[in-house]
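Reader: I would like to learn how to read the interfaces and helices of a model like this one. Could we go through it together?
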Amino acid sequence: MSARASGDAWRQPVMRVSGGLVTLACTLAGLLLVTFGLSRLSPVDPAAQLVGEHASQGVYLEMRRTLGLDEPWPVQFERYVVRLAHGDLGVSLSTGERVSDDLRRVFPATAELATLSLVLSALVGLPLGILAAWRPRGVLDAVVRVLSLFGNSLPIYWLGLLALFFFYAHWHLVAGPGRLDDAFEYTIDMRTGSVLIDSWQSGLPGALANAVSHLLLPVALLAAYAIGNITRLTRAALLNESDQEYVLLARAKGATEVRVLLSHVLPNAAGLIVTVLALTYANLLEGAVLIETVFAWPGLGRYLTTALFAADTPAVLGGTLLIGVCFVLINGMTDVLVRLLDPRGR
Amino acid sequence: MSEARLLTVRGLSVAVRSGDGLRSVVDSISFDVGAERVALVGESGSGKSVTARALMGLLRPPLEVRAERLEFLGRNLLEFGPREWVRQRGTGLALVLQDPRHALNPVLRVEHQLDEALRIHQRLIRGERRRRIHAMLAAVGLVAAEVLDLYPHQLSGGMGQRVMLAMMLINGPRLLIADEPTSALDAERREQILALMSELVDSRRMGLLLISHDLTQVARHCDRVLVMYRGRIVDGCPAADLAASTHPYTRLLWSCKPSAATYGTELPVLDRTADYAAGTP
Amino acid sequence: MSGTGLWRRWRRSAAAMIGAAVVALVLGTALAAPWIAPYDPLAQDVADRLQPSSARHWLGTDGLGRDVLSRLIYGARPTLGLVALVALLMVPIGLAVGVLSGFYGGLLERALMGLTNITMALPQLVLALAFVGLMGPGLINAALALVLTGWPAYARLARAETTLLRRSDYIAAAQMQGIVGLRLLWGHVLPACWPAMQVRLALDLASIILAAAALGFLGLGVRPPTAEWGMMIADGSKVVFDQWWIAAVPGIAILVVSLSFNLLADGIRDARGGR
């Protein structure tokens, strides 16, 4: 086996990357099938929902024809996909707006929550994971394991309620539900959708502080859940790499433990760590769905749960599809990215 | 032995601490290595690899090392702390392993890994480092321009071994410990790599401790042979005298290797109930 | 050092035993609810609503004057019932898919594993929410939703085990005895997959409880006025700033049960020497 020329070295990674992209496409197709299937299997009749209870039989049948409800399923699926490609997610039955407009309105709030939580949990979780791997079986290790155990057993919305009770109602340390106090709610122009940026830009005194105060609890809560996982998986990845032979040889070269960690173990574990962070981000999106009701956060989660209560089918499906797409894209793109980063193309 | 001794080992023991107590892996072995080529042979599980790592201070709990004497170039290795070990590894003692695909860092290029070896131990400007890297690669029979940009998985087995040798010898160590360096190679490359190692060791007046399970190989390339069995050194003799050894275990190992002479006959099977260590100090 | 090793082993199995004991206790409580609950969980006494803990109502009363303790005890039933239902459906489906694809390989394996991987890549909780939301709330739909999103993990495990077994002498010996087909799969392959599933199942049970309670919290579980922990939290959330116990108590129950399953999972994993 002779050395492959560097010119050939790109071929393997490209093949792996395209494999990853194909998987991504298949998964998205699966997601579309699932949402489509849900919409058709649901006992809720979309035509009846739209025409109301008092419409005549003729109007009802006309509506069925317009919606194409009596056509064979593959045809309906095709129309569904085509409509999606044009960004048409239907009209919400509760707000009367186009679902795509609704989603565009609410998504930034959730994205802001998830992003801030990810940053916080990564800033805390990664160093903790490195420390725990540095001294396995130590005190920190045990503490992390216990916290992780509790994190997997606590309902997040319940913890949110208790946190609101203590930190807001009882001790007045943070602001209450919602993104901003009423005083600012109507005076700040929400241009970017991010409450941090917009309150800062507004220049109103105390606006930014208020926004931060409202963000503190939900972000901290989401981050707390994520930190446990990040720490645990980072520790596992680092310990796994530390057992490899190249680490032994690096030490044999005379490398200090710090150098071994920074130049050898971390770069090799980077792929795993990036994957963990991406998985965490996707999970944070799901977690946001649960706590937005508790914190009256005007994001995708609250939109979805409100729509579920109101049996607002287009809104439910639209919101589910959006979260599903984010989920699949984050995981899929990370997969591709990791394959690209590894010189072995694995 | 007219050469000055590089390594002195007396009563080296390595044990594993588990839930049930201490289990012995290496049982009080003693030997010396000078500026010569010594082989440490034995079956898998005899404790040879553990010995190699113990000599480099690379064993960690639950493995525990004890010795009466462990000296290298007159310095007492038993008193070494982490800082002394870090300084010694690569400059005094060097280690090469079996499979370069696993022993070299997969995500770093060859140049980086060689450069790192220099940067750890010496303060040189970049140009000087590059010069030394080129020289070292040439000494191991590689064309620098061809391998510097490659990643370990792009190297063939033989090239990977040469790179590993270059990396570990670039700081001029006095003793090279090679743990089964050719077991992952085909027969032709084995000879090449061993010949390369012998030549390097001789030209730099280094000592070589070659760990292997292949008696024919060590008979050809080493001056002296130490035979290990179940954690003890049971026999030691000049390589030239291997074929005529009187020790039962050595004779068994020697006669176990298949060759044209043994074709069609039954190979002897080791009698594991015998205590081959009987009679050893 | 050996002392530390032994101590850790004992402590770990103690954790598993505590977990198992608590699960058994909760199970017993749910089954014995009619006999141990002091009040009818549905009995309202609006005059006595939102009372704190007292001698008559150990955990106080909720917004409709119902005894919180009784509702807590009865609330174990739909929760545990849902968990049992999900486990009973999810594991066989996953096992079947995994064993079939692992044993027969080829196109069947590729198709089934493709299905598994795609299902696994979709967001579990959100899809379960959408499923229940659209199909209508209730215990059966909630169970179905969690089953449909949860089976892939078992399929993967079963396939991995089966692929290993397929080449083993153990299976070859059975085949040589004339045991083939379904009987082979049922009697020989399946039992071998079971140990690997145990830890996974115990961990899953913990997260299923959380998911079931989440569905209840969002109003997608059993219908009111049936007592259910998640829904109790939702009811309590409206008055949490004054009568915090109404929301706090069911959460503690969920925590305790979920924690027990997690401890049990840890214990099984350590007992089998894994990790």
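Reader: How many residues does the contact take from chain B and from chain A?

Author: Happy to start there, with the reminder that this is a predicted model. The contact draws on 34 residues from chain B and 23 residues from chain A.

Reader: And what area is buried between chain B and chain A?

Author: About 2,700 Å², with carbon and sulfur atoms giving 60% of that area. Three residues stand out on one side: Glu116(B), His153(B) and Gln154(B) supply 19% of the area that chain B buries against chain A, more than any other three residues.

Reader: What is the count of salt bridges between chain B and chain A?

Author: A salt bridge here needs a side-chain nitrogen of Lys or Arg within 4 Å of a carboxyl oxygen of Asp or Glu. Between chain B and chain A the count is four. In one salt bridge, the side chains of Glu116(B) and Arg259(A) meet at 3.0 Å, N to O. Polar contacts are counted too, and the rule finds nine residue pairs across this interface, both residues at pLDDT 80 or more.

Reader: Which elements of chain B each supply at least two residues of the side that touches chain A?

Author: They are β7 (93-96), α3 (100-103), α4 (110-121) and α7 (157-169) of chain B. Of the elements, α4(B) gives the most to that side, with six residues. By residue class, the side of chain B that touches chain A divides into 20 nonpolar, eight polar and six charged.

Reader: Now the other partner: how many residues of chain C are in contact with chain A?

Author: Here 40 residues of chain C are in contact with 44 residues of chain A. Together, chain C and chain A bury about 3,600 Å², and 80% of it is on carbon and sulfur atoms. Val126(C), Leu134(C) and Phe241(C) supply 19% of the area that chain C buries against chain A, more than any other three residues.

Reader: How many salt bridges does the rule find across the interface of chain C and chain A?

Author: Zero. Polar contact does occur between chain C and chain A, with a count of eight residue pairs, both at pLDDT 80 or more. Five helices of chain C each supply at least two residues of the side that touches chain A: α1 (2-31), α5 (124-135), α9 (181-217), α10 (229-237) and α11 (245-271). The largest share, eleven residues, comes from α11(C). That side of chain C divides into 29 nonpolar, seven polar and four charged residues.

Reader: What does the secondary structure of chain A come to?

Author: Chain A has 14 helices and zero strands. Its C-alpha trace spans about 85 × 65 × 40 Å along the principal axes, and buried residues make up 46% of its 346 residues. Of the contacts in chain A with a separation of 6 or more, 68% are between residues 24 or more positions apart.

Reader: Let me try a single helix. Which residues of helix α9 of chain A are buried?

Author: In α9 (residues 195-202) of chain A, the buried residues are Val195(A), Asp198(A) and Ser199(A). Seen down the axis of α9(A), these buried residues fall within an arc of 95 degrees, so they line one face of the helix. The general idea is that an α-helix has 3.6 residues a turn, so residues three or four places apart point the same way.

Reader: What covers the buried residues of α9(A)?

Author: The cover includes α5 (99-134) and α10 (207-242) of chain A. After α9(A) comes Gly203(A), whose phi is positive, near 75 degrees.

Conventions. Residues numbered from 1 in each chain as written. Chains lettered and ligands numbered in written order. Predicted model: local features only at pLDDT ≥ 70, side-chain atom pairs only at ≥ 80, totals over all residues. Heavy atoms only, no water. Contact = heavy atoms within 4.5 Å. Buried area = accessible area lost by both parts, 1.4 Å probe. Polar contact = N/O pair within 3.5 Å; in protein donor to acceptor, adjacent residues only side chain to side chain. Helix = DSSP H or I, 4+ residues; strand = E, 2+ residues; numbered from the N terminus. Nonpolar A, V, L, I, M, F, W, Y, C, P; charged D, E, K, R; others polar. Buried < 20%, exposed > 50% of the residue type's maximum accessible area, 1.4 Å probe, protein only. Arc of directions from axis to C-beta.
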